[in-house]
Amino acid sequence: MAQQAEADKNTNAGTGGVRPHTGRRRNEAARRAILDAALRLLGEGDGAPVTVETIARAAGVGKQTLYRWWPSKGAVLLEALAERAQQTVSAPDHGDLRSDLQVVVAATFAGAQQPPVGPALRTLAREAARDPQLAELMREFTERRRAALREVLERGRERGQLEPGRDLDLMVDQIYGVFWYRFLLGHAPLDDATATALADSLLR
């Protein structure tokens with residue numbers, strides 16, 4: 001024990017006997033800046049490639065910071081989108097499937113249209129057509145959102161508010177089919193009234 005104490009003392013020499021602070025709060029601020037910069041660049045790029053270099057420069061950090069926390073540019077973009085979606089779209093449980101479904105669909109519609117998520121999603125969908133890495137990113141992102149919506153439907157079925165034989169994956173497809181069709185083409189609104197009508201049509 002005495003030897004270990006002496007070793008610790010020697011290790012901390014030159015630092016006043018106190019280990020250097022890890023910078024946890026500063027690191028969280030940097031992580032937040034990186035994710036925000038990634039979304040902003042994706043939405044404002046107008047076709048320009050979003051790279052690790054451009055994200056790092058926009059966030060005011062070094063490239064090594066990104067590579068220390070994420071294995072690739074795609075991983076940064078995925079976390080940025082997923083985290084923002086989690087903030088705006090939860091899986092509510094108020095005991096009533098109809099109201100829960102309306103809430104999650106309306107939140108999905110609203111959250112996807114707010115900057116910088118809306119422009120970022122449109123750019124990502126466009127670029128995914130010619131970039132396999134971004135295509136995989138889109139699949140991962142949409143699968144997470146599908147899982148959250150399916151959770152709401154599963155709870156409703158467990159409570160007996162949905163027929164046991166209903167195809168939950170098909171219901172999820174119908175909801176996101178309406179979302180992506182209107183989101184990408186912009187021919188009709190994605191508003192609360194649409195969310196209510198869609199939820200009612202699925203549960204009727």
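These are my notebook entries on a cavity, a helix and a nonpolar core in a predicted model.

**Ground rules.** I number residues from 1 along each chain as its sequence is written. In this predicted model local features need pLDDT of at least 70, side-chain atom pairs count only at pLDDT 80 or more, totals for chains, interfaces and linings use all residues, and side-chain values use heavy atoms, with hydrogens and water left out.

**Cavity.** I looked for cavities (sets of points on a 1 Å grid over the protein atoms alone where a 1.4 Å probe fits but cannot get out). I found 1 cavity of 30 Å³ or more. It holds about 160 Å³, taken as the space filled by probe spheres set on the points. I listed 16 lining residues, meaning those with an atom within 4 Å of a point. Ala85, Thr108, Ala112, Phe141 and Arg145 lie nearest the centre. I split the lining into 10 nonpolar, 4 polar and 2 charged residues. Here Gly counts as polar and Arg as charged. α5 gives the largest share of the lining, 4 residues.

**Helix α7.** I took helices as DSSP runs (H or I, at least four residues). The 12 residues of α7 should span 16 Å at 1.5 Å a residue, and the end C-alpha atoms are 16 Å apart, so the two agree. I noted buried residues (under 20% relative accessible area, 1.4 Å probe, protein chains only). Those of α7 include Val117, Leu121, Leu124 and Glu127.

**Core.** I traced the largest nonpolar core (buried nonpolar side chains joined through atoms within 4.5 Å). It has 55 residues, and Leu121 and Val105 are among those touching the most other members. Beyond four places in sequence, I saw Val105 in contact (heavy atoms within 4.5 Å) with Ile175, Ala195 and Leu198.

Note on methods
On a 1 Å grid over the protein atoms alone, a cavity is a set of points where a 1.4 Å probe fits but cannot get out, and a pocket is an open set with protein on both sides within 12 Å along at least five of seven lines; lining residues have an atom within 4 Å of a point. Helices (H or I, at least four residues) and strands (E, at least two) are DSSP runs, numbered from the N terminus. The expected span of a helix is 1.5 Å times one less than its number of residues. Buried means under 20% relative accessible area, exposed over 50%, partly exposed in between (1.4 Å probe, protein chains only).
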